[in-house]
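Biologist: I would like a close look at one part of this model, strand by strand, together with whatever packs on it. Please keep to what can be checked in the viewer.

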Amino acid sequence: MINDISRAFFHAKAKREVFVQLPPEDLEPGEEGTCGRFNYSMYGTRDAAQNWFEEYSQSLIEAGFKQGHATPCVFYHEQRAIRTYVHGDDYVSTGTTANLEWLKKQLEAKYQVKTQILGPEEGQAREVKILNRIVSWKENEGFVYEADPRHAEIIIEQLGLQDAK
């Protein structure tokens with residue numbers, strides 16, 4: 001299952017005081033020279049990614065996941081046998097359809113989420129892109145993982161093989 005969280009950083013509380021100059025059209029008469037203070041993170045601020053990391057980590061831990069030791073972006077839910085990897089605002093998870101549906105509901109309860117479930121069942125996608133890699137469900141092969149096609153193009157170009165056969 002692939003989940004894409006919309007406006008992820010806006011769900012992460014600001015940990016430090018960050019101020020922003022307000023656009024002139026948002027100012028009332030007499031408010032010239034005032035500024036706004038962030039309650040939540042915003043894209044482009046220095047600590048937005050760290051704040052989002054803390055938000056999604058705490059959310060998954062509260063749902064019963066254990067955080068990985070080797071990398072804190074990997075989580076495992078022992079009772080439901082779900083493995084989840086988070087990269088930015090994208091979650092990539094493996095598990096049974098029923099357990100993935102459970103995780104989907106957990107995420108939808110907190111965030112606006114776009115979800116694709118890859119697999120052979122009706123209503124599931126047969127092909128998805130995960131971090132520019134193509135993962136497909138093939139009837140006779142199961143799951144098939146293809147590397148990022150841009151990498152092959154870059155290698156061909158760097159080796160000067162564009163006209164080779």
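Modeller: The part to look at is an open sheet of six strands, which follow one another in the order β4-β5-β6-β7-β1-β8 with antiparallel pairing. Two strands count as paired if DSSP finds at least two bridges between them. Strands (E, at least two residues) and helices (H or I, at least four) are DSSP runs numbered from the N terminus. The edges of the sheet are β4 and β8 (residues 113-116); each has a single partner strand, so one side of each has no neighbour in the sheet.

The model is predicted, so local features are given only at pLDDT of at least 70 and side-chain atom pairs only at pLDDT 80 or more, while totals for chains, interfaces and linings use all residues. Residues are numbered from 1 along each chain as its sequence is written, and side-chain values use heavy atoms, with hydrogens and water left out.

Start at the β4 edge. Strand β4 covers residues 66-67 and runs antiparallel to β5, to which two bridges join it. Across this pairing, Gln-67 faces Phe-75 of β5. The connection from β4 to β5 is a hairpin of six residues.

Strand β5, residues 74-77, has alternating side chains. Phe-75 and His-77 are on one face and buried (under 20% relative accessible area, with exposed being over 50% and partly exposed in between; 1.4 Å probe, protein chains only). Val-74 and Tyr-76 point to the other face and are not buried.

On its other pairing, β5 runs antiparallel to β6 (residues 82-87), and four bridges hold the pair. Here Val-74 has Tyr-85 of β6 as its bridge partner. The hairpin of β5 and β6 has four residues between the strands. Ala-81 lies in this loop and has a positive phi of about 55 degrees, although Ala-81 is not a glycine. With a relative accessible area of 43%, Ala-81 is partly exposed.

A second residue of this kind is Arg-7, in the loop between β1 and β2 (19-21). Arg-7 is not a glycine either, yet its phi is positive, about 50 degrees. Its relative accessible area is 48%, so Arg-7 is partly exposed as well.

Next comes the helix that packs on these strands. Helix α1 takes in residues 48-62, 15 in number. The expected span of a helix is 1.5 Å times one less than its number of residues. For α1 that gives 21 Å, and the end C-alpha atoms are 21 Å apart, which agrees. In general, an α-helix has 3.6 residues a turn, so residues three or four places apart point the same way.

The buried residues of α1 are Ala-48, Asn-51, Trp-52, Glu-55, Tyr-56, Ser-57, Ser-59 and Leu-60. These residues pack against β1 (2-5), β4, β5, β6, β7 and α2, where contact means heavy atoms within 4.5 Å. After the helix comes Gly-64, with a positive phi near 105 degrees.

Phe-65 sits in the loop between α1 and β4. Its relative accessibility is 3%, so Phe-65 counts as buried. Leaving aside residues up to four places away in sequence, Phe-65 touches Leu-60, Phe-75, Tyr-76, His-77, Ile-82, Thr-84, Trp-102 and Leu-103. Among these, Leu-60 is one of the buried residues of α1, while Phe-75 and His-77 belong to the buried face of β5. Thr-84 is 19 residues from Phe-65 in sequence, and their C-alpha atoms are 9.0 Å apart in space.

For comparison, look at another antiparallel pair, β9 and β10, which four bridges join. Strand β9, residues 127-130, also alternates: Val-128 and Ile-130 point to one face and are buried, and Glu-127 and Lys-129 point to the other and are not. Glu-127 has Ser-136 of β10 as its bridge partner. The hairpin of β9 and β10 has two residues between the strands, and in its turn Leu-131 has a positive phi of about 50 degrees.

To check this in the viewer, begin with Phe-65 and its contacts, including Phe-75, Trp-102 and Leu-103. Then follow β5 and see Phe-75 and His-77 on one face, with Val-74 and Tyr-76 on the other.
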